Structures are given as structure tokens and as C-alpha cells.
Amino acid sequence: MHKTLYTLLIFLGAMLVNTSCSSDDDDDLWVWDFYPITLNVEVVDESGNNLLDPANPANILSLPITLTHDGETTPIEMYEQKEATPNSRAYLARWYGAYIIGAPYISDGRYRIFIGEWDAFAKDDSVKLNIDGKEYELSFTNSYKAQKHGAYDFNRKYYIDGQANEYGNYKIVLNLQH
């Protein structure tokens, strides 16, 4: 019995050692990760002071700040990590809504409103950001074209109140003199 088991283990080991990748591997097989679409909004005063930073005495955190998406309006609050970030090779976009995030979660430490995520292949969409009664429409268009080896060329355009905006980073300047 032991001799049969020993022979079987040697045979399986030899099979594993002699298994290798073929030189005729299919070169057209590639794995691609696509970053989800997100919008980031920095809110500053006319002097460039970050109005979302709790350390700024003139911050606007006590003012009503809401997001409307797909007809649903929700308040925007400070980010608190409630669950571990998924650690996976295949990252799927997940709708978080919106929250205010800054240090230590953002490398530059500047507080901003994070909105998203949309799947990398999502079509055009928009949200309405309301800060103390003033509404801003943030939107994007997204088109893509398949390339060789499963890659895609994305053509994304971002807008704030219908005006073109670079990337998904927005800066809103508030005049605090009501």
C-alpha cells in the first residue's frame, strides 16, 4: 500500500515538473483593468482656501450639501471608512454616491467631494451638486473604441453647467459674501 502511494506521488510530481507553458501560447490573450469613472470637486473661496477642510475656520461643512442622481437626493457627509477596500485583480465599479474626503485618504491632503463610481463603459450621465441652495450640474460623456489585444481607446469629456471641464476634476469657487 505504501509503495503504491509512494509511486503515485512520484508520478504526480513528475507530471507537475514536466508541465510548462507552450511556446505557441495565444498572444492575443490579454487581461485589462479599466478604471471606473469618478468625479472630484474641490470647493474653494476666491483666495483659494479649501472650504471643505474642517481645519479651515471658514469651512462650509455646516451648510447643506446634497447630491441628486437618478432622481434621488442625498446629503453629502464626511467620509468614514466602514469596510475594507476590496483587494482584487478584477475591480468592479461600485456606486458610492458622494462624500467629502481628504487626509489621510487623499495623497495631497486637500479635501474634496468624491462622486462615483461609474463603470468604465458607462454612457453619458450627470449629477446635480447643491451647495447651500446653489446648484451645479456635473456631467460626462463617454465613448470608446476597441483596439487590438482587447484594449480600448476611451474618449471622455467632462462638463460643469454645460461648460467643458478638464478631466473629472472640478473646482468650484464660492463667494462667501452673501
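In the predicted model, arginine 110 is partly exposed, with a relative accessibility of 30%. The side chain of arginine 110 forms a salt bridge with that of glutamate 42, with an N to O distance of 2.3 Å. Glutamate 42, at 13% relative accessibility, counts as buried. This contact links distant parts of the chain, since glutamate 42 belongs to strand 1 and arginine 110 to the loop between strand 5 and strand 6, 68 residues apart. The structure has two salt bridges by the rule applied. Aspartate 108 and arginine 112 also meet through their side chains in a salt bridge, here at 2.9 Å from N to O. In this pair aspartate 108 is partly exposed at 46% relative accessibility, whereas arginine 112 is buried at 14%.

The protein chain contains one helix and eleven strands. The helix comes at the N-terminal end of the series of elements, and the strands follow it. Five of the strands make up an open sheet with mixed pairing and the order 4-5-6-1-11. Strand 4 (77–78) and strand 11 (169–174) each have a single partner strand, so one side of each is left without a neighbour in the sheet. Within the sheet, strand 1 (residues 37–45) and strand 6 (residues 112–118) are antiparallel and share five bridges. Leucine 39 has isoleucine 115 of strand 6 as its bridge partner.

Strand 6 also holds isoleucine 113, which is buried with a relative accessible area of 0%. Leaving aside residues up to four places away in sequence, isoleucine 113 touches Leu39, Asn40, Val41, Val43, Leu52, Ile65, Ile76, Ala98, Tyr99, Ile100 and Leu129. The C-alpha atom of isoleucine 113 is separated by 6.2 Å from that of isoleucine 101, with the two residues twelve apart along the chain.

Aromatic contacts were examined next. The structure holds 14 aromatic pairs. In one of them, tryptophan 95 and tryptophan 118 have ring centres 5.0 Å apart and planes at 65°, so the arrangement is edge-to-face. The two tryptophans are 23 residues apart and link distant parts of the chain, with tryptophan 95 in the loop between strand 4 and strand 5 (97–101) and tryptophan 118 in strand 6. Tryptophan 95 is partly exposed, at a relative accessible area of 38%, while tryptophan 118 is buried at 7%. The rings of tyrosine 99 and phenylalanine 114 have centres 5.1 Å apart; their planes stand at 25°, so this pair is stacked. Tyrosine 99 in strand 5 and phenylalanine 114 in strand 6 are 15 residues apart, and their pair likewise links distant parts of the chain. Both residues are buried. Through ring pairs, a cluster is formed by Tyr79, Tyr96, Tyr99, Tyr105 and Phe114.

Charged groups also sit over aromatic rings. The charged end of lysine 134 is placed over the ring of tyrosine 136, at 4.9 Å from its centre. For arginine 156, the position is over the face of phenylalanine 154, with a distance of 4.6 Å from the ring centre.

Antiparallel pairing also occurs between strand 8 (residues 134–146) and strand 9 (residues 152–160), which are joined by nine bridges. Phenylalanine 140 is opposite tyrosine 158 of strand 9. The hairpin of strand 8 and strand 9 has five residues between the strands, and histidine 149 in this hairpin adopts a positive phi near 65°. Strand 9 pairs with strand 10 (residues 163–165) as well, in the antiparallel sense and over three bridges. Here isoleucine 160 is opposite glutamine 163 of strand 10. In the hairpin of strand 9 and strand 10, two residues lie between the strands, and aspartate 161 has a positive phi near 50°.

For the chain as a whole, 29% of the 178 residues count as buried. The exposed area of the protein chain is about 12500 Å², of which carbon and sulfur atoms supply 53%. Among contacts with a separation of 6 or more, 51% involve residues 24 or more positions apart.

How values were computed: Residues numbered from 1 in each chain as written. Predicted model: local features only at pLDDT ≥ 70, side-chain atom pairs only at ≥ 80, totals over all residues. Heavy atoms only, no water. Pairing = 2+ DSSP bridges. Helix = DSSP H or I, 4+ residues; strand = E, 2+ residues; numbered from the N terminus. Phe/Tyr/Trp six-rings, centres within 6.5 Å; stacked < 30°, edge-to-face > 60°. Buried < 20%, exposed > 50% of the residue type's maximum accessible area, 1.4 Å probe, protein only. Lys NZ or Arg CZ within 6 Å of the ring centre and 35° of its normal. Contact = heavy atoms within 4.5 Å. Areas by Shrake-Rupley, 256 points an atom, 1.4 Å probe, with all protein chains shown as cover. Salt bridge = Lys/Arg side-chain N within 4 Å of Asp/Glu carboxyl O.
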